[in-house]
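Biologist: Could you take a careful look with me at one part of this model, namely its charged side chains and the pairs that they form? I would like a connected account that a first-year student can follow.

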Amino acid sequence: MEYDGTVFVGWQFQATRLSVQQVLEEAAARELAPLQYEEATRALLRQDLTHADLEALLRSPNLAVRGPAVVECLDHPTRRRTAALKAAAPWALDLPRAQR
């Protein structure tokens with residue numbers, strides 16, 4: 001690996017200034033965060049959520065939350081999930097469903 005280190009204080013993390021380690025760790029965190037949001041969303045959807053909770057997930061500005069919520073509600077419909085989809089993401093009801 002090669003880098004222009006003029007903006008860094010060195011390789012190892014420094015509390016007060018930017019380091020190469022900090023930049024690399026932050027980049028790795030950005031890559032992993034969507035996976036964690038997706039799994040957390042699926043875990044929430046395994047719970048008995050209220051209509052308001054379902055709508056909040058379906059309206060989330062975070063695509064890593066909203067996407068899995070839409071897919072789970074479509075693939076595993078209940079009355080409450082379908083009602084939340086109608087309210088928060090009616091366009092999703094026209095998407096293809098999982099084959100059973």
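Biologist: Is glutamate 39 buried, partly exposed or exposed, going by its relative accessibility?

Modeller: In this predicted model, glutamate 39 counts as partly exposed, because its relative accessibility is 41% and the partly exposed class lies between the limits of 20% and 50%. The side chain of glutamate 39 forms a salt bridge with arginine 46, and the closest N and O atoms of this pair are 3.6 Å apart. Its partner, arginine 46, has a relative accessible area of 58% and is therefore exposed, since exposed means over 50%.

The structure holds 3 salt bridges, and another of them joins aspartate 48 to arginine 80, with 3.1 Å from N to O. Aspartate 48 lies in the loop between α1 (20-45) and α2 (51-58), whereas arginine 80 belongs to helix α4 (residues 79-88), so this pair ties together parts that are 32 residues apart in sequence. Of these two residues, aspartate 48 counts as exposed at 70% relative accessibility, while arginine 80, with a relative accessible area of 37%, is partly exposed.

There is also a salt bridge between glutamate 55 and arginine 59, in which the closest N and O atoms are 3.0 Å apart. Here glutamate 55 counts as buried, because its relative accessibility is 17% and buried means under 20%. Arginine 59, on the other side of the pair, is partly exposed, with a relative accessible area of 48%.

Notes
Residues are numbered from 1 along each chain as its sequence is written. This is a predicted model: local features need pLDDT of at least 70, side-chain atom pairs count only at pLDDT 80 or more; totals for chains, interfaces and linings use all residues. Side-chain values use heavy atoms; hydrogens and water are left out. A salt bridge is a side-chain nitrogen of Lys or Arg within 4 Å of a carboxyl oxygen of Asp or Glu. Buried means under 20% relative accessible area, exposed over 50%, partly exposed in between (1.4 Å probe, protein chains only). Helices (H or I, at least four residues) and strands (E, at least two) are DSSP runs, numbered from the N terminus.
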